[in-house]
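Q: Could you take a close look at one helix in this model and walk me through its surroundings? I would like to see how it is placed before moving on to what follows it.

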Amino acid sequence: MAVGYGMTALGLAWAASGKISGAGDPDPNKNRVQRAAGWQPYSIKVGDTWYSIKMIHPVGTLLGMTADIHDMAADMNKDEQDKALKLLGKAFSHAVTEQTFLQGMVNVVKALNSPERGWNVFAQNMTASVVPASVSTLAQMMDPYQRDVESIRDAVMARLPGARESLMPQRDPFGDPIANADRLGGISPITERVESSDPVRLEAARLGIGVSAAPKSVQMPAARIHDLGKVELTAEQRDAFGDAAGHMAYKILAPIVNSDRWEGIPDTIKAQIFQTAFAKSRKFGELAAITPEQRMAEMQRISAEVSKRLGR
């Protein structure tokens, strides 16, 4: 117990100084921005590099737990901070559910709590598990990028060398493909990720900006008939959307953030600038995802359907 309390105290001090990380922001959109700045969950920071501690038991679990305690305490008032047992239990769940041997149970719970999304992930993981872990690890080591998995077929392909590369890459909020974290020594289970030196990415993370991934569909004008104007996007179109929107946002933000006047702007205004740039750039992404020919065809379809409905 003495060792445990001592490690917890050390962990809290390291978390306060930014030397260890927990689960990160619970908002997935803000978490994407954190990762784009080179941050890595459940890791220790040495110099400008994050090293994963998820596989280091039990010290890694304890340090991850204390980092989560530190992060959650910052968002709580005095009374909530006094509820130490509840806070500890929540932080422990974050740290422990990251362990490999509990991933099956975590996926079951997510499937039961959120059937629409959770069941798809559960089915993907269960089906993909027919591919041996050694083969899956080899596939990841051979592929420089993280891949977008949207179906059971994609989940299986993501674990097969050669087939994995046919999937679209995941893209960060600024349009760049997300690289797989390097492995320490090339083969170690400990992953490492160098923190970004890009002012735009660092500022977005510091300000707590949230940016969602490319949508699965876009909405076209359809006389305010929502279901009629919905256009589903293919994996390739979503990739084009994320590529165009992200790079356009960066193109807008880079000269602003790198200007001499940036430091004198209040953080609330800085956040508004980032949010406006990302909102405007998504319109550009939509134009890149849908070709003029497809847009014309969709408009003709919508026009014909509206006329048909009005005729009734």
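A: Happy to. Helices here are DSSP runs of H or I with at least four residues, and strands are E runs of at least two, numbered from the N terminus. By that count, this predicted model has 14 helices and 6 strands. Let us settle on helix H2, which spans residues 28–36.

Begin at its N-terminal end, where Asp27 acts as the cap. A side-chain oxygen of Asp27 lies 2.9 Å from the backbone nitrogen of Asn29. Moving along the helix, you will find Asn31, Arg32, Val33 and Ala36 buried. Part of the cover over these buried residues comes from helix H10 (199–206). After H2 comes Gly38, which has a positive phi, near 95°.

Further along the chain there is strand S1 (43–46). S1 pairs with strand S2 (residues 49–52) in the antiparallel sense, over 4 bridges; within that pairing, Lys45 has Trp50 of S2 as its bridge partner. Both strands belong to an open sheet of 4 strands, ordered S1-S2-S4-S3, with antiparallel pairing. S1 is one of its edge strands and S3 (182–183) is the other, each pairing on one side only.

To set H2 in the whole protein: buried residues make up 35% of the 312 residues. Among contacts with a separation of 6 or more, 63% come from residues 24 or more positions apart. The accessible surface is about 17,900 Å², and carbon and sulfur atoms hold 60% of that surface.

How values were computed. Residues numbered from 1 in each chain as written. Predicted model: local features only at pLDDT ≥ 70, side-chain atom pairs only at ≥ 80, totals over all residues. Heavy atoms only, no water. Buried < 20%, exposed > 50% of the residue type's maximum accessible area, 1.4 Å probe, protein only. Contact = heavy atoms within 4.5 Å. Polar contact = N/O pair within 3.5 Å; in protein donor to acceptor, adjacent residues only side chain to side chain. Pairing = 2+ DSSP bridges. Areas by Shrake-Rupley, 256 points an atom, 1.4 Å probe, with all protein chains shown as cover.
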